[in-house]
Amino acid sequence: MSRIFDPIEVHEERFKQYLNDEQCWKKFQEEVIMPRVKKLKLHKPMRDFAVGVYMPKDFPFGLGQSLDSLCKAEGVELFSLDCSQYYVERSRFDFFRHIIDRPFTVILLENFDDMPDSPEKKYIENLLIRSWERDFIVKRNNFLVIFSTSKDYGNQTPELLKKIKRLE
């Protein structure tokens, strides 16, 4: 957090970082998200339906809020779920009921790699992550699935997502 008495250089550096983050965010939206959302809007299936994105905890732009605004502007529905807060008892069928009833939707699975430890953890992983590995329950290419994390995996695909074909 900036303070009034911080040296001018500190403020300038934070401002430069903010501008860089803003530019990266706009580029990600324009090059990755928007083309896919436009296909969903036209009810066109997508070849590359899944995207993994690293969002640092201190990133100044909220993924969920930005996607919500973008989807509303395009008339495409967004289903957002924070996996770190997901419990089987609370939302057992909400997820599948939503995706079966509403194709051509953006699905945001935030904190996909931070699910609560519980006896049902493997079941939750199967439900939220592994269901996108193949066209078994739903046609995957009728959705845009965004897996977000605040853990930095570098250029490596996180283990949980390795089996998802056509993940960008």
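The following conversation goes through a predicted model of a protein chain, asking how its labels follow from its values.

Visitor: What makes up the chain, and how many of its elements are helices and how many are strands?

Guide: The protein chain of this predicted model has 4 helices and 4 strands, and from the N terminus on these run in the order α-β-α-β-α-β-α-β. Of its 168 residues, 42% are buried, a label that requires a relative accessible area under 20%.

Visitor: Why is the contact of Lys41 with Glu74 called a salt bridge?

Guide: The label asks for a side-chain nitrogen of Lys or Arg within 4 Å of a carboxyl oxygen of Asp or Glu. The N to O distance for Lys41 and Glu74 is 3.6 Å, which is within 4 Å, and therefore the pair counts as a salt bridge. Lys41 belongs to helix α1 and Glu74 to helix α2 (residues 63-74), so the bridge ties together parts that are 33 residues apart in sequence. By this rule the count comes to 11 salt bridges.

Visitor: Are the two partners, Lys41 and Glu74, buried or exposed, or something in between?

Guide: Glu74 has a relative accessibility of 16%, which is under the 20% limit, and so Glu74 counts as buried. Lys41, with a relative accessible area of 43%, falls between 20% and 50% and is therefore called partly exposed.

Visitor: What makes Asp68 and Lys72 a salt bridge, and where do these residues lie?

Guide: Their side chains meet at 3.3 Å, N to O, and because the limit is 4 Å, the pair qualifies. Both residues lie in helix α2, 4 residues apart, about one turn of the helix. Lys72 is exposed because its relative accessible area of 63% is over 50%, whereas Asp68, at 29%, lies in the range between the two limits and so counts as partly exposed.

Visitor: How do you know that Glu133 and Arg130 form a salt bridge, and which residues join them in a network?

Guide: The closest N and O atoms of Glu133 and Arg130 are 3.8 Å apart, a value within the 4 Å limit, so the pair is counted. Glu133, at 15% relative accessibility, is under 20% and therefore buried, while Arg130, at 27%, is partly exposed because its value is between the limits. Through salt bridges that share partners, Lys122, Glu125, Arg130 and Glu133 are joined into one network.

Visitor: Why can Tyr18 be part of a nonpolar surface patch?

Guide: A residue of a patch must have over 30% relative accessible area and no salt bridge. Tyr18 has 35% relative accessibility, which is over that cut-off, although by the burial labels the residue counts as partly exposed, because 35% is between 20% and 50%. Tyr18, which lies in helix α1, makes a patch of about 290 Å² together with Phe15 and Leu19.

Visitor: What lines the largest pocket, and which element gives the largest share?

Guide: The largest pocket holds about 440 Å³ of space and has 17 lining residues, with Asp21, Cys24, Tyr54, Pro56 and Phe59 nearest its centre. The elements giving two or more residues to this lining are α1 (8-41) and β1 (50-54), and the largest share, 10 residues, comes from α1. By class, the lining consists of 11 nonpolar, 1 polar and 5 charged residues.

Visitor: What is in the lining of the second largest pocket?

Guide: The second largest pocket, with about 320 Å³ of space, is also described by 17 lining residues, and Gly52, Gly154, Gln156, Thr157 and Pro158 lie nearest its centre. Its lining has 8 nonpolar, 6 polar and 3 charged residues, and the largest share, 3 residues, comes from β1.

Visitor: What makes the phi of Asn111 worth pointing out?

Guide: Most residues other than glycine have a negative phi. Asn111, in the loop between β3 (105-110) and α4 (121-128), has a phi near 55°, a positive value in a residue other than glycine. Arg166 also has a positive phi, near 65°, and lies in the segment after β4 (143-149). With a relative accessible area of 35%, between the two limits, Arg166 is therefore called partly exposed.

Terms used
Residues are numbered from 1 along each chain as its sequence is written. This is a predicted model: local features need pLDDT of at least 70, side-chain atom pairs count only at pLDDT 80 or more; totals for chains, interfaces and linings use all residues. Side-chain values use heavy atoms; hydrogens and water are left out. Buried means under 20% relative accessible area, exposed over 50%, partly exposed in between (1.4 Å probe, protein chains only). On a 1 Å grid over the protein atoms alone, a cavity is a set of points where a 1.4 Å probe fits but cannot get out, and a pocket is an open set with protein on both sides within 12 Å along at least five of seven lines; lining residues have an atom within 4 Å of a point. Grid points are joined across faces, edges and corners, and a volume is the space filled by probe spheres set on the points. Ala, Val, Leu, Ile, Met, Phe, Trp, Tyr, Cys and Pro count as nonpolar, Asp, Glu, Lys and Arg as charged, and the others, Gly among them, as polar. Patches are made of residues with over 30% relative accessible area and no salt bridge: like charges are joined within 9 Å, nonpolar side chains (Val, Leu, Ile, Met, Phe, Trp, Tyr) within 5 Å. Accessible areas come from the Shrake-Rupley method with a 1.4 Å probe; for residues, only the protein chains shown count as cover.
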